[in-house]
Amino acid sequence: MGIGIGIFFIAVGAVLAFAVDASVNGVDITAVGIILMIVGALGLLMDLVIFAPRRRGVVDGPATTRTVVDREVI
């Protein structure tokens, strides 16, 4: 799960938990919203903790070294 999907789950869960005032037989929409927010937060946390270190680039220095040699003119 990427960062975008995690944020999407959090947003949809918040809408379902706090903004929707409907009732469906056998389904608690508030509980579904809270579950989606938890899943989104866990996915976002896992993505940042596990996969973020792989995305960092390490720069050791220049890839090549040039040596300039002075030439004498004959």
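## Exercises on a two-helix chain

At 0% relative accessibility, Gly33 counts as buried. Buried means under 20% relative accessible area, exposed means over 50%, and partly exposed lies in between (1.4 Å probe, protein chains only). The model is predicted: local features need pLDDT of at least 70, side-chain atom pairs count only at pLDDT 80 or more, and totals for chains, interfaces and linings use all residues. Residues are numbered from 1 along each chain as its sequence is written, and side-chain values use heavy atoms, with hydrogens and water left out.

**Exercise 1. Describe the chain as a whole.**

Step 1. Count the secondary structure. The chain has 2 helices and 0 strands. Helices (H or I, at least four residues) and strands (E, at least two) are DSSP runs, numbered from the N terminus. The helices α1 and α2 span 3-19 and 29-55.

Step 2. Check burial. Of the 74 residues in the chain, 14% are buried.

Step 3. Take the surface. The accessible surface comes to about 6,400 Å², and carbon and sulfur atoms hold 65% of that. Areas come from the Shrake-Rupley method with a 1.4 Å probe; for residues, only the protein chains shown count as cover.

Step 4. Look at contacts (heavy atoms within 4.5 Å). Among those with a separation of 6 or more, 55% join residues 24 or more positions apart.

**Exercise 2. Place Gly33 and Val32, then state which is buried and which is partly exposed.**

Step 1. Locate them. Gly33 sits in helix α2. Val32 is in helix α2 too.

Step 2. Read the accessibility. Gly33 has 0% and is buried. Val32 has a relative accessible area of 33%, so Val32 is partly exposed.

Step 3. List contacts, leaving out residues up to four places away in sequence. Gly33 touches Gly13, Leu16 and Ala17. Val32 is in contact with Leu16 and Val27.

Step 4. Compare C-alpha distances to Ala14. Gly33 lies 6.0 Å from Ala14, at 19 residues apart along the chain. Val32 lies 9.8 Å from Ala14, at 18 residues apart.

**Exercise 3. Trace how Leu44 and Met46 relate to the start of the chain.**

Step 1. Start with Leu44, a residue of helix α2. Beyond neighbours within four places in sequence, Leu44 contacts Ile3, Ile7 and Ile10. Its C-alpha atom is 8.1 Å from that of Ile5, 39 residues apart along the chain.

Step 2. Move to Met46, also in helix α2. Met46 counts as partly exposed because its relative accessibility is 49%. Met46 and Ile3 are 43 residues apart in sequence, with 9.4 Å between C-alpha atoms.

**Exercise 4. Define the nonpolar surface patch and find which helix gives the most to it.**

Step 1. Apply the rule. Patches use residues with over 30% relative accessible area and no salt bridge; like charges are joined within 9 Å, nonpolar side chains (Val, Leu, Ile, Met, Phe, Trp, Tyr) within 5 Å. A salt bridge is a side-chain nitrogen of Lys or Arg within 4 Å of a carboxyl oxygen of Asp or Glu.

Step 2. Name members. The patch covers about 1,000 Å² and includes Ile3, Ile7, Leu45, Met46 and Phe51.

Step 3. Assign helices. α1 and α2 each supply at least two residues. α2 gives the most, with 9 residues. Leu45 belongs to α2.

**Exercise 5. Find the aromatic pair and classify it.**

Step 1. Set the cut-offs. Rings of Phe, Tyr and Trp (its six-membered ring) pair if their centres lie within 6.5 Å; planes under 30 degrees apart are stacked, over 60 edge-to-face, the rest tilted.

Step 2. Count. The rule gives 1 aromatic pair. Phe8 and Phe9 form it, 6.3 Å centre to centre with 40 degrees between the planes, and the pair is tilted.

Step 3. Add accessibility. Phe8 is exposed at 52%, whereas Phe9 is partly exposed at 24%.
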